[in-house]
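Visitor: I'd like to walk through this one and hear the reasoning behind the labels. Can you show me what we're looking at?

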Amino acid sequence: MFLFFLSSGLFLGWTLGANDASNVFGSAVGSKLIRFKQAAIIASIFVILGAVMQGSGGAQTLGKLGSVDALGGAFTVALAAGVSVFWMTKLKLPVSTSQAIVGAIIGWNFFTGNPTDYNSLTKIVTTWVSGPILGGIFAVLLFLLLRFILQKSKIHLIKLDGYIKYGLLIAGAFGSYSLGANNIANVVGVFVPSAPNITVDFGLFVLNGTQLLFLAGGVSIAVGIITYSKKVMMTVGDSLMKLNAETALVVVLAHSLVLFVFSSQNLSDFFVNIGLPPIPLVPVSSSQAIVGSIIGIGILKGGKNIQLNVIGKIGLGWMVTPIIAGLIAFFALFFMSNVFNLKVSQNTSKFIKGDVVVKEEVKGIADDTKTKVIKKFEAVTEATKTITIYKPVTITVIIFLMLLIAYQMYTISKLKKKDKIEEYQENIERYNTQQIILENELRMTNDANLKLEKEIDGKENELKKIALGMIRKNEILSKLKAGIENLKLKSESEIKYSDLNNLKIVIIENLSIDKERKSFDKFIKEINNSFYRNLEKKYPGLTEGEKKLCSLLRLKLSSKEIASILNITPKSVEVSRYRLRKKMNFKKDDKLSKEIRKL
Amino acid sequence: MINILKTSKSVALTIDEFFDKIDLGILNFKKGANNYINGNSAEFDQNLKTINILEIEADTIKRKIENEFYLHSLMPNYSSDILNLIESVDDIIDKSKDILNQFDVETPHMPELIKKDYLELVSLSSKSAENVIPAARIFFTSPDEVKDKIQKVLFYNREADVLSNNIKRKIFQEFESLQLSEKIHLRYFTLHIEQVSDAAKIVAHLLSSLVIKIKM
């Protein structure tokens, strides 16, 4: 149940982590001086340390202002503060968690009829004003000191960049510690009176209920930093402080000092020891401390770049935020107690835990009652439970580490497998690509072959046409010969003009035979270029006539057709074929034209 | 993050080494140009060889500096400006090398009467460049002192401008024996020599703006 009520405070912590971490590491991460991962780890660790080790001061002051003694009340107050911050941020109004929580506590005081400690309220309001002013003063002093050191030391700019990166990390760690120490009161301060009375022994250290509460608050801030602050750092952080690295370092340091001063009990005690008034331990706004620091440097540089509206906005924030948070808290408490019957206060008039109220109540009553009150208080303290979690924590840590190692090993093996699979896939892809390339090449070669074959076929056809043409012409010549023979048999008077004209036509047709033969020879040579080469290579002793015969046989021409082309008798062709067969050492069964085509 | 100090130390040294190369390059340019004008061809060849080597070395160092800046996110707010400065300084040696190479390739004819003016122009242009290197060096350690160094650069640049104009006027108005092509050729070489001081002037302006930026 306690954890459920604490959720509103943890939500407030989450928003604080998400928004205020940018004040510490915003400029460094925004300008890429430091990686977000490094910043988030350092900020988270130091925020938790600051919250647990030094967070009580601010919480005590808030407790004095109004001790929210019922869990329901604490839940409502934190929720009211959270809602006011969220709502005002949405409306782009200047808002601070510190001011919202103070306003919500006062709202609770009004609702429950508890008196507001105006002394504490004055302290708190004074720090709201003095925080930014002190930030400005610190910034000016630090800036002058840094400038003096830089002028005297004449450090190389590149080396200085390295030093500043380290400086920003250290300042960021200090700033995170101070943020945790100072602002944890905003997050879980209202839950302190309702904190469980237990102490937990972690072995190396022991935490009481309040410190555990601060630890939970610190963790919620850390979660806010890790999960959401990057976005804020990259946008708001950079726009708020567009400064060079040195100035950013000074601003972060000044802001951290302000938060530290208003949360350090030891420093306050030291002031008292040397006779100075104690420092009020009050949660101050981190953003306002940053703005104060920047304005301080702006004034030092001549005050030209100071935006007066920023100062106006801070002033507006001082007034508006507590009023709005107070009103929201008042109405939320009314709603919670009347609608849900939630107990928002233990006792609205008397004996509320918290020294201010105790003192006031004690004044007006008899000594016996005073004793009772104190006894009652002490009795509660005596009932504190001690839980030793050293052993379970150690075992849990060991189990966790073992699980972590197992997980890491599993991840590594998975990564290795993944790498292997990727490598395998890459190889497959490579082979596929190679295969595609080879297939393409093969296709291209086949296409080229087909083209060549087509060309050869075309030329062969042409050759055949020419050969057939020649055959036809030889036939014509034979006809012509026969015609002349017929004319020879006739007397001169019997010879007609038409007979002569017919012969003339046949002669004219015959005239182009040489031309055709030349063309035929050319084609034969062209088409049989490689064939001739192979023929000469295999049968070097062949004559030109035999080569020609081979080329004609290759065209599957009959002996009669060859005889006609070569203008010899078919018998001569048969004799030549026989000689050729012998020269080429073909068997009797081998078909000459077929064997020649194989070449 | 742990190595950042080591890296920044090493980059600081590399930047110094880069400036050394540029310094030597300017001296070589001066000697080389003087040797050409005085007709010492053997010495000129040696200068030409040296400046070519120096230019390559400067380019290598420049690339190393750029890599270091990007790799380690050095001075993220000013890295582009600083790398721009390094690039501009590198332009000085690039121009010097180009001019000596042009002397070697084009072998311009220099009349005796104008040689003295050219020697003076080379001297002024080199002085302007020589003075910008200490300014660039001091920018990294004492930015406030850059202003004093820059004055000399700008002064020699202005002087080189005036002399260059005088030479051009002389060439075109007094040397009637020269062909127009020869006059134009000499005019180009006047402009080329002047380019070294112009490159130095660009570096000087960059330094001034960088100082303002860093001080803001």
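Visitor: What makes helix α9 and helix α11 of chain A oblique to each other?

Guide: Helix α9 (residues 245–261) and helix α11 (residues 286–300) of chain A pack at about 130 degrees, with axes 9 Å apart. Angles under 35 degrees count as roughly parallel, over 145 as roughly antiparallel, 65 to 115 as roughly perpendicular, and the rest as oblique. The value of about 130 degrees fits none of the named ranges, so α9(A) is oblique to α11(A). The axes are lines fitted to C-alpha atoms, for helices over the stretch in contact, and the angle runs from 0 to 180 degrees between N-to-C directions. One caution before we go on: this is a predicted model, where local features need pLDDT of at least 70, side-chain atom pairs count only at pLDDT 80 or more, and totals for chains, interfaces and linings use all residues. Residues are numbered from 1 along each chain as its sequence is written, while chains are lettered from A and ligands numbered from 1 in the order in which they are written.

Visitor: Which way do α9(A) and α11(A) cross, left-handed or right-handed?

Guide: Right-handed. That is the name when the near helix is turned clockwise from the far one by less than a right angle; anticlockwise would be left-handed. From α9(A), the contact includes A:Val250, A:Ala254 and A:Val258, and from α11(A) it includes A:Ile290, A:Ile294 and A:Ile297. Two residues are in contact if their C-beta atoms, placed from the backbone, lie within 7 Å.

Visitor: How do the residues of that contact divide by class?

Guide: There are 9 nonpolar, 4 polar and no charged residues where α9(A) meets α11(A). Ala, Val, Leu, Ile, Met, Phe, Trp, Tyr, Cys and Pro count as nonpolar, Asp, Glu, Lys and Arg as charged, and the others, Gly among them, as polar.

Visitor: Over in chain B, why are α1 and α2 called roughly antiparallel?

Guide: Helix α1 (residues 4–37) and helix α2 (residues 41–72) of chain B pack at about 160 degrees, their axes 8 Å apart. That angle is over the antiparallel cut-off, so the two are roughly antiparallel. Their crossing is left-handed. The contact between them has 15 nonpolar, 9 polar and 9 charged residues.

Visitor: What does the secondary structure of chain B come to?

Guide: 6 helices and 0 strands. For chain A the tally is 22 helices and 3 strands. Helices (H or I, at least four residues) and strands (E, at least two) are DSSP runs, numbered from the N terminus.

Visitor: What makes B:Met75 buried?

Guide: B:Met75 has 26 other C-beta atoms within 10 Å. A residue is buried if 20 or more other C-beta atoms lie within 10 Å of its own, exposed if 12 or fewer, and partly exposed in between, so B:Met75 is buried. B:Ser73 has 16 other C-beta atoms within 10 Å, which makes it partly exposed. B:Ser73 lies in the loop between α2 and α3 of chain B, and B:Met75 also lies in that loop.

Visitor: What stands out in the phi of B:Ser73?

Guide: Phi of B:Ser73 is positive, about 45 degrees, although the residue is not a glycine. B:Met75 has a positive phi near 40 degrees and isn't a glycine either. Most residues other than glycine have a negative phi.

Visitor: How do you know that A:Lys154 is exposed?

Guide: A:Lys154 has 12 C-beta neighbours inside 10 Å, and 12 or fewer is the rule, so it counts as exposed. A:Lys154 sits in the loop between α6 and α7 of chain A and touches B:Thr141 and B:Ser142.

Visitor: How many residues does the contact between the chains take from each?

Guide: 14 from chain A and 18 from chain B. Helix α7 (residues 157–188) gives the most to chain A's side, with 6 residues. The predictor gives the complex an ipTM of 0.82 and a pTM of 0.62.

Visitor: Where in chain A is the pLDDT below 50?

Guide: Over residues 348–382. The pLDDT is the predictor's confidence in each residue, from 0 to 100. Chain A averages 79, and the mean for chain B is 91. Where pLDDT is low, the predicted coordinates should not be read in detail.

Key:
Lists of a residue's contacts leave out its neighbours within four places in sequence.
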